[in-house]
Amino acid sequence: MSRDMWIRVLPFAVFMGFIGIKDGVLFLVERGWLTNVSDLLDYLYPVKIVLVAAVLLFLWPRFHEMHFSDLFRWRDSLLSIVTGVVIFVLWIHMDWPFATFGTPQGFSPDVYGNGLLQPMMIATRFLGSFLVVPVMEELFWRSFLIRYLVNEDFLRVDPGRFTWASFMIVTIFFGLEHHLFLAGMIAGALFNLLLYRTRSIAQCILSHGVANFALGIYVLQAEQWQFW
């Protein structure tokens, strides 16, 4: 794996690695091989977010394709915001049983009582969802993989270059990454289309951030913790 490849894969791999650890521990708990670890599992998310954020900040100077000056193109930014809102609306209305993997565990702050820990855990999840996750995911899916599927020397591929194979593969696997896999596929397709239209990773990050921000506000207001 080249240096340019691994620095875009590493933040995503760290994030998914923590999910794998949690799933593995839960598997052991279900088999009765581990006990009294539920409290420790609750702290995996903030540790995961802080670690991924640290990796992103450390590698930030190497992400030459992220031009946040693109956000001053107000027509593209407006399109990104609208796309993010559309994805949010679809997300909360596409939680049909046939379009989901298993039963969502969700996140309930009630388990932390009424002390300081509860708002800290909520803030970590909320901030992580729209400040860290969009950057990490867009670097992997829209900056690296969608271009790598066009040419292994992916940095030579301009962001926004279309091929049916790269579009479909990223759309499908982006969806399969999420519990709401059908909503995830729709979101993946829309983020891909946004990339083709704007040719900007920064615009994809903006759109992804808007979608996650809106979802976070909805979760907090409606207490629909299963979406977290």
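Which residues does Phe 167 touch, not counting residues up to four places away in sequence? In this predicted model, Phe 167 touches Phe 162, Ala 189, Asn 192, Leu 193 and Tyr 196. Below is a quick tour of that residue, the largest pocket, two helices and a handful of other residues.

**Phe 167 and its surroundings**

- Phe 167 sits in helix α6.
- Phe 167 counts as buried because its relative accessibility is 11%, and the cut-off for buried is under 20%.
- Phe 167 and Glu 152 are 15 residues apart along the chain, and their C-alpha atoms are separated by 16 Å.

**The largest pocket**

- The volume of the largest pocket comes out at about 1,500 Å³.
- Its lining is made up of 47 residues, and the ones closest to the pocket centre are Ile 19, Arg 125, His 179, Phe 227 and Trp 228.
- Sorted by class, the lining has 26 nonpolar residues, 13 polar ones and 8 charged ones.
- Eight helices each supply at least two lining residues: α1 (3-30), α2 (38-42), α3 (44-59), α4 (74-93), α5 (117-148), α6 (164-176), α7 (181-198) and α8 (201-222).
- The top contributor to the lining is α1, which gives 8 residues.

**Helix α4, one side in and one side out**

- With 20 residues at 1.5 Å a residue, α4 should span 28 Å, and its end C-alpha atoms are 29 Å apart, so the two agree.
- On the buried list for α4 you'll find Asp 76, Ser 77, Ser 80, Thr 83, Gly 84, Ile 87, Phe 88, Trp 91 and Ile 92.
- Those buried residues cover an arc of only 155 degrees around the axis, so they end up on the same side of α4.
- As background, an α-helix has 3.6 residues a turn, so residues three or four places apart point the same way.
- Trp 74, Arg 75 and His 93 are exposed, and they are carried on the face of α4 turned away from its buried side.
- What do the buried residues of α4 pack against? Their packing partners are α7 and α8.

**Ile 92, a closer look at α4**

- Ile 92 belongs to helix α4 and counts as buried, with 14% relative accessibility.
- Setting aside residues up to four places away in sequence, Ile 92 touches Leu 215, Tyr 218 and Phe 227.
- One of those partners, Leu 215, is 123 residues from Ile 92 along the chain, yet their C-alpha atoms are separated by 8.0 Å.
- Another partner, Phe 227, is also among the residues closest to the centre of the largest pocket.

**Helix α3**

- The 16 residues of α3 should span 22 Å at 1.5 Å a residue, and the end C-alpha atoms are indeed 22 Å apart.
- The buried residues here are Leu 44, Tyr 45, Pro 46, Lys 48, Ile 49, Val 52, Val 55, Leu 56 and Leu 59.

**Buried residues in loops**

- His 178 is in the loop between α6 and α7.
- At a relative accessible area of 17%, His 178 is buried.
- Leaving aside neighbours within four places in sequence, His 178 is in contact with Trp 91, Phe 101, Glu 137 and Gly 184.
- One of these contacts, Trp 91, is on the list of buried residues of α4.
- Phe 107 is in the loop between α4 and α5 and counts as buried, with 5% relative accessibility.
- Not counting neighbours within four places in sequence, Phe 107 is in contact with Tyr 112, Met 121, Ile 122, Arg 125, Trp 225 and Trp 228.
- Among those contacts are Arg 125 and Trp 228, which are also listed among the residues closest to the centre of the largest pocket.
- Phe 107 and Val 47 are 60 residues apart in sequence, with a C-alpha to C-alpha distance of 15 Å.

**Positive phi angles**

- Which way does the sign of phi go for Arg 199, positive or negative? Phi of Arg 199 is near 55 degrees, a positive value in a residue other than glycine.
- Arg 199 is in the loop between α7 and α8.
- Glu 223 also has phi near 55 degrees, again positive in a residue other than glycine.
- You'll find Glu 223 in the segment after α8.
- Glu 223 is exposed, because its relative accessible area is 53% and exposed means over 50%.

Conventions. Residues are numbered from 1 along each chain as its sequence is written. This is a predicted model: local features need pLDDT of at least 70, side-chain atom pairs count only at pLDDT 80 or more; totals for chains, interfaces and linings use all residues. Side-chain values use heavy atoms; hydrogens and water are left out. On a 1 Å grid over the protein atoms alone, a cavity is a set of points where a 1.4 Å probe fits but cannot get out, and a pocket is an open set with protein on both sides within 12 Å along at least five of seven lines; lining residues have an atom within 4 Å of a point. Grid points are joined across faces, edges and corners, and a volume is the space filled by probe spheres set on the points. Helices (H or I, at least four residues) and strands (E, at least two) are DSSP runs, numbered from the N terminus. Ala, Val, Leu, Ile, Met, Phe, Trp, Tyr, Cys and Pro count as nonpolar, Asp, Glu, Lys and Arg as charged, and the others, Gly among them, as polar. The expected span of a helix is 1.5 Å times one less than its number of residues. Buried means under 20% relative accessible area, exposed over 50%, partly exposed in between (1.4 Å probe, protein chains only). The arc is that of the directions from the helix axis to the C-beta atoms. Contact means heavy atoms within 4.5 Å.
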